[in-house]
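Welcome! Let's work through a few short exercises together, one step at a time. Keep the picture at hand as you read.

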Amino acid sequence: MPTPARRRTDPRPVPNRTFPLDGPAVPENGGDVSVAVSCPRCGGPVRAPDLMHTDSRCLRCGPVPPLHVPEHIGAEIVASVVERITATAAPPGTPLWCPWPLPPGWTLTGVAYAGDDRTGVRATAVACAGPAPLGGGPADLVFVAEEPGVGLGTRLAGLAGPDPGPELVDALTDPGPGHPDHVGQARIRVAGHPTPLWLVNSSTDRSAYAGEARGMWLHAIAWPASAGHLLAEDVVLHDLTEWTPPELVYGAPSPHLPGRA
């Protein structure tokens with residue numbers, strides 16, 4: 001099972017660093033970047049640290065790393081999130097997994113990260129969209145990399161709890177092909193390595209897979225449920241913090257990253 005990645009533990013803020021995504025949110029037509037901040041576990045509001053609390057906290061979930069979701073997407077937004085990740089973590093940091101090359105007709109539709117200057121980035125998400133693999137309209141995919149206990153991947157999957165461990169226990173005791181209770185795997189390549197993802201229970205409007213890569217949970221959530229068949233194809237995940245392809249194509253912002261899933 002994943003173990004926590006190395007992250008920044010110095011309680012002091014990162015000195016003399018500014019990021020384009022910093023600062024208060026502004027109206028969508030205000031000419032700047034709006035950023036929605038919410039709880040990664042439930043999508044509810046998050047209170048910033050104060051004199052009584054050193055952690056950001058959700059009234060429902062307690063201390064959480066706040067989830068930051070830019071309301072627009074483009075090369076500048078991706079660059080800012082990459083800078084945030086690399087500035088607040090010891091190498092290798094939290095990966096920002098993106099399919100590359102993108103499947104034909106697909107676009108990058110969103111990025112997000114959970115964390116702050118005190119703890120560093122503890123989770124990331126990348127959303128993309130394109131034609132459904134079996135036809136019938138558009139599809140969406142979100143890939144989440146996170147430390148244990150963050151809870152973003154399970155929320156997007158529609159699962160209870162912060163981690164997919166209980167679901168994976170059932171998947172790992174799968175009786176095998178040919179059995180009526182057999183649960184299939186998705187085999188993708190992550191940073192050049194074959195990586196299995198196991199199908200876990202999810203809300204009926206989506207399909208969700210979970211596994212491990214670089215010592216962190218890796219989630220893949222697809223809307224509609226049939227879009228999960230895309231993971232049976234030759235999908236390769238690349239870490240955008242190592243290199244961001246200039247040929248990336250951007251689409252309309254994903255509806256699945258912000259707010260309640």
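**Exercise 1.** Is R206 buried or exposed?

*Solution.* Start with the cut-offs: buried means under 20% relative accessible area, exposed means over 50%, and partly exposed lies in between (1.4 Å probe, protein chains only). R206 has 8% relative accessibility, so R206 counts as buried. Next, look at its partner: D205 and R206 form a salt bridge, with their closest N and O atoms 2.8 Å apart. A salt bridge here is a side-chain nitrogen of Lys or Arg within 4 Å of a carboxyl oxygen of Asp or Glu. D205 has 39% relative accessibility and therefore counts as partly exposed.

Before going on, a word on the source: this is a predicted model, in which local features need pLDDT of at least 70, side-chain atom pairs count only at pLDDT 80 or more, and totals for chains, interfaces and linings use all residues. Residues are numbered from 1 along each chain as its sequence is written, and side-chain values use heavy atoms, leaving out hydrogens and water.

**Exercise 2.** Find out how confident the predictor is.

*Solution.* pLDDT is the predictor's confidence in each residue, from 0 to 100. The chain has a mean pLDDT of 84, and 81% of its residues reach 70 or more. Over residues 23-31, however, the pLDDT is below 50; beyond near neighbours in sequence, this stretch has 8 contacts in the model (contact means heavy atoms within 4.5 Å).

**Exercise 3.** Trace two more salt bridges.

*Solution.* Side chains of opposite charge can pair when their charged atoms come close. The whole structure holds 7 salt bridges. In one of them, D55 meets R118 at 2.0 Å, N to O. D55 sits in the loop between β2 (46-47) and β3 (57-58), while R118 is in the loop between β7 and β8 (120-131), 63 residues apart. Strands and helices are DSSP runs numbered from the N terminus (helices H or I, at least four residues; strands E, at least two).

Now take D239 and R214, whose closest N and O atoms are 2.9 Å apart in a salt bridge. D239 belongs to strand β14 (residues 236-239) and R214 to the loop between β12 (207-213) and β13 (216-223), so the pair ties together parts 25 residues apart in sequence. D239 is buried at 2%, whereas R214 is partly exposed at 35%. Finally, R214, D239 and E242 are linked in a salt-bridge network.
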